[in-house]
Amino acid sequence: MEFNLLFLGEHESSQSDRIYNIANHTSSVALITDFKNDYVLLDTGSVWAQDKLLEKLKDLNVKPEQITHLALTHGHLDHVGNIGLFKNALVHIHACHMDSKTGLTSLYKDMHEKPLPFGIEVFPSRGHTYEHVSYFFDYDGLRYCFAGDAVRENHFTDKVPEYYSMERRLRYLDSARHIFESCDVIIPGHFGVIEGEQKTFLYKNLLKQEEEILKRLSIYDKFKYRKLLKEIHYRRKFLKN
Ligand SMILES: [Zn+2]
Ligand SMILES: [Zn+2]
């Protein structure tokens, strides 16, 4: 099989009086295929990026109707804007998949499984949205994660946004930590590929942020989020030094 990163996501935003402007906004899109039986498209980008997507597929001699699976990270428009182009694809999103031809939907119990070709593994990376998932796969001796919005570089060079609730922040950092620890290369939904020294640098920042939040929790928070905190502490026990 071959892995092709068709393009990386862009995200330009500015804030004016009560309006959050987003321009040139699309997710990253990738294709995993054997050019024979299975063509898995990871996210589809926004409608704004449709021409670019069709051009990139054409460069690889792939027609939209040849795509067999759409592996979507979550339902935001910048990631699912072009699903209508792929009429023959089985759509995989959060806890279900949907057959485009019959309209039949089947529910996955939990998506920490391998329901896709090429051993692609689905990981529930909750935090950005509750139903968010990321996709792990092996290629050319390396482990990759197509992370979607579960990893945003600026959240680790700077901070996870203040408007995230405490639960959302904890889930987001927990998912992101798992992703950083479980692969060599991260392809985020927006901006550049994360690997090597940059990955180590961002991971350290992530751990620091998580530790600070865990340290500052009130008795009330500790009680309210006790189940989630138990899971987080369990997973943190396996941290590499
Ligand atoms: Zn996005
Ligand atoms: Zn999103």
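**Close-ups of a predicted model**

**View 1. The loop at Asp 140.** Asp 140 lies in the loop between E11 and E12, and everything shown here comes from a predicted model. The hairpin built from E11 and E12 has 2 residues between its strands. On either side of that turn, Tyr 139 stands opposite Leu 142 in E12. Asp 140 has a phi near 55°, a positive value in a residue other than glycine. For background, most residues other than glycine have a negative phi. Is Asp 140 buried or exposed? Asp 140 counts as exposed, because it has 8 C-beta neighbours inside 10 Å, and the cut-off for exposed is 12 or fewer.

**View 2. Asp 43, another positive phi.** Pan over to the loop between strand E5 (39-42) and helix H1 (50-59), and you'll find Asp 43. Asp 43 isn't a glycine, yet its phi is positive, at about 55°. This one sits in a crowd: 30 other C-beta atoms lie within 10 Å of Asp 43, so the residue is buried. The bar for buried is 20 or more.

**View 3. The sheet E10-E11-E12-E13.** Here 4 strands line up in the order E10-E11-E12-E13 as an open sheet with mixed pairing. E10 and strand E13 (185-188) stand at the edges with a single partner strand each, so each has one side without a neighbour in the sheet. From one strand to the next, the twist averages 25°. Helix H4 packs on this sheet and touches E11, E12 and E13, with its direction at about 155° to that of E12.

**View 4. Strand partners, up close.** Start with strand E10 (residues 121-124) and strand E11 (residues 133-139), which pair in the antiparallel sense over 4 bridges. Which residue of E11 does Glu 121 stand opposite? Look for Phe 136. Further along, Pro 124 stands opposite Val 133 in E11. Next comes strand E12 (residues 142-148), which runs antiparallel to E11 and is joined to it by 5 bridges. When you follow any one strand, keep in mind that side chains of a regular strand alternate between the two faces of the sheet.

**View 5. Ile 179 and the nonpolar core.** The largest nonpolar core has 49 residues, and Leu 41, Leu 42 and Ile 179 have the most contacts inside it. Helix H4 (residues 166-182) supplies the largest share of this core, with 6 residues. What does Ile 179 contact, leaving aside its neighbours within four places in sequence? The list is Ser 125, Ser 134, Cys 145, Ala 147, Ala 150, Val 151 and Ile 186.

**View 6. Leu 206 on helix H5.** Leu 206 lies in helix H5 (residues 196-216). Leu 206 counts as buried because it has 21 C-beta neighbours inside 10 Å, where 20 or more is enough. Not counting residues up to four places away in sequence, Leu 206 touches Phe 156, Leu 173, Ala 176, Arg 177 and Phe 180. Thr 157 is 49 residues from Leu 206 along the chain, and their C-alpha atoms are separated by 8.7 Å.

**View 7. Zooming back out.** The chain has 7 helices and 13 strands, and its C-alpha atoms fill a box of roughly 55 × 45 × 40 Å along the principal axes. Its radius of gyration is 18 Å, which agrees with the value near 18 Å for a compact globule of 241 residues. Buried residues make up 36% of the chain. Among contacts with a separation of 6 or more, 54% join residues 24 or more positions apart.

Technical notes:
Residues numbered from 1 in each chain as written. Chains lettered and ligands numbered in written order. Predicted model: local features only at pLDDT ≥ 70, side-chain atom pairs only at ≥ 80, totals over all residues. Pairing = 2+ DSSP bridges. Core = buried A, V, L, I, M, F, W, Y, C linked by C-beta atoms within 7 Å. Contact = placed C-beta atoms within 7 Å. Rg over C-alpha atoms; globule rule 2.2 N^0.38 Å. Axes fitted to C-alpha atoms, helices over the stretch in contact; angles between N-to-C directions.
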